[in-house]
Amino acid sequence: MKFQGSQNYVATQDLMLAVNAAIQLQRPLLVKGEPGTGKTMLAEEVAQSLGMPLLQWHIKSTTKAQQGLYEYDAVSRLRDSQLEGSSDKVKDIRNYIVQGVLWQAFTADQPVALLIDEIDKADIEFPNDLLREIDRMEFYCYETRELVRAKHRPLVFITSNNEKELPDAFLRRCFFHFIKFPEAETMRQIVDVHFPSLKGDLLAVAMKTFYDVRGLPGLKKKPSTSELLDWLKLLVAEDIPLEALQSADNKVAVPPLVGALLKNEQDVSLFEKLVFMNQRNR
């Protein structure tokens, strides 16, 4: 079982090595990188490439580790007991156990891929609460008094946007990879996957504009790969002429549909000031 990239995802050599190392070590792959660099999509493409079902757990600030294992719906059981008395359904507590994604992954009949997306959004104790389960691939359900063991070890992907530091004990159990922002050549390959018929001259000018905007010092949020793809999609859809993307003397100019690249007023204002200064220096 080896990941060698896919038609829909341009994976660098070091990223493919990281995925295969995690598979070999049977450890979760912890992927960090700027938002929009394809961390979530990596899990989707690896699962599809290896022919594995993908279970996804998207973490929120209110998410608790227990929800990934199971939840006991005591409210429904109380309601049913009031309506149905001591029926067979009410007597069997298993009818009120809601299996989480980890339970589903552990009991699947075939190996699955499991994505724990944006783990850094949760409380700082969240990763620690999953240490035993991820390490031993088992957990105990106290309500049914059963030990749930993994039939097959799932291929676990964990993504983080670095909003919080993760505990050392948790990091020790993972294989780590940081997705660097793509260089221009890799970015061209990514764009070609999504826009294979894009004209070369338009791509060249759009790429230069994108990296000029991204390289502006002081930006609160630099535009990412996903934002470049959104921008290119709009340029094609609106049939923006090549001349609108570049000035005659190659000075910095505000690109059309800049709202696809810059996502807050401070960055737009900063860019407009730079354009104004460049125009004055002509």
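A cavity, in the sense used here, is a set of grid points where a 1.4 Å probe fits but cannot get out. With that in mind, let us walk through this structure, which is a predicted model. It holds 1 cavity of 30 Å³ or more, and about 30 Å³ of space lies in the largest cavity. Around that space sit Ile-119, Asp-120, Ala-122, Asp-123, Ile-124, Pro-127, Lys-164, Glu-165 and Leu-166. Sorted by class, this lining has 5 nonpolar and 4 charged residues, with no polar ones.

Now for the largest pocket, whose volume is about 630 Å³. Its lining is made of 32 residues, and Tyr-9, Thr-37, Gly-38, Ile-179 and Pro-182 lie nearest the centre. Two or more lining residues come from each of helix H1 (13–25), helix H2 (39–50), strand E9 (175–179), H10 and H12. H10 gives the most, with 4 residues. By class, the lining of the largest pocket divides into 13 nonpolar, 13 polar and 6 charged residues.

Next, please turn to the nonpolar cores. The largest has 31 residues, of which Trp-57, Ile-116, Phe-126, Ile-158 and Phe-170 touch the most other members. Both kinds of secondary structure supply this core: at least two residues each come from helix H3 (65–69), helix H6 (101–107), strand E5 (113–117), helix H8 (131–136), strand E6 (138–141) and strand E8 (155–160). The largest share, 5 residues, comes from H6. Ile-116 is a good residue to select in your viewer. Leaving aside neighbours within four places in sequence, Ile-116 is in contact with Trp-57, Ile-59, Ile-134, Val-156, Phe-157, Ile-158 and Thr-159. Apart from the largest core lies another, of 22 residues, with Ala-18, Leu-29, Leu-42 and Val-46 among them.

From nonpolar contacts we move on to charged ones. The structure holds 13 salt bridges, and a few of them are worth a visit. In one, the side chains of Glu-185 and Arg-188 meet at 3.8 Å, N to O. These two residues are separated by about one helical turn, because they are 3 residues apart in helix H10 (residues 184–194). Glu-185 has a relative accessibility of 49%, so it counts as partly exposed. Arg-188, with a relative accessible area of 35%, is partly exposed too.

Helix H11 (residues 200–214) offers another pair, Asp-212 and Lys-208, 4 residues apart and about one turn of the helix from each other. Their side chains meet in a salt bridge of 2.9 Å, N to O. Asp-212 is partly exposed at 37% relative accessibility, and Lys-208 is partly exposed with a relative accessible area of 47%.

A further salt bridge joins the side chains of Lys-263 and Glu-227 at 3.5 Å, N to O. This pair links distant parts of the chain: Lys-263 lies in the loop between helix H12 (225–237) and helix H13 (265–280), while Glu-227 lies in helix H12, 36 residues apart. Is each partner buried or partly exposed? Lys-263 is partly exposed, with a relative accessible area of 44%, whereas Glu-227 is at 6% relative accessibility and so counts as buried. The cut-off behind that label is simple, since buried means under 20% relative accessible area. Last on the tour, Arg-79, Asp-80 and Lys-89 are joined into one network by salt bridges that share partners.

Note on methods
Residues numbered from 1 in each chain as written. Predicted model: local features only at pLDDT ≥ 70, side-chain atom pairs only at ≥ 80, totals over all residues. Heavy atoms only, no water. 1 Å grid on protein atoms, 1.4 Å probe; cavity = no way out; pocket = protein on both sides within 12 Å on 5 of 7 lines; lining within 4 Å. Points joined across faces, edges and corners; volume = space filled by probe spheres on them. Nonpolar A, V, L, I, M, F, W, Y, C, P; charged D, E, K, R; others polar. Core = buried A, V, L, I, M, F, W, Y, C linked by side-chain atoms within 4.5 Å. Buried < 20%, exposed > 50% of the residue type's maximum accessible area, 1.4 Å probe, protein only. Contact = heavy atoms within 4.5 Å. Salt bridge = Lys/Arg side-chain N within 4 Å of Asp/Glu carboxyl O.
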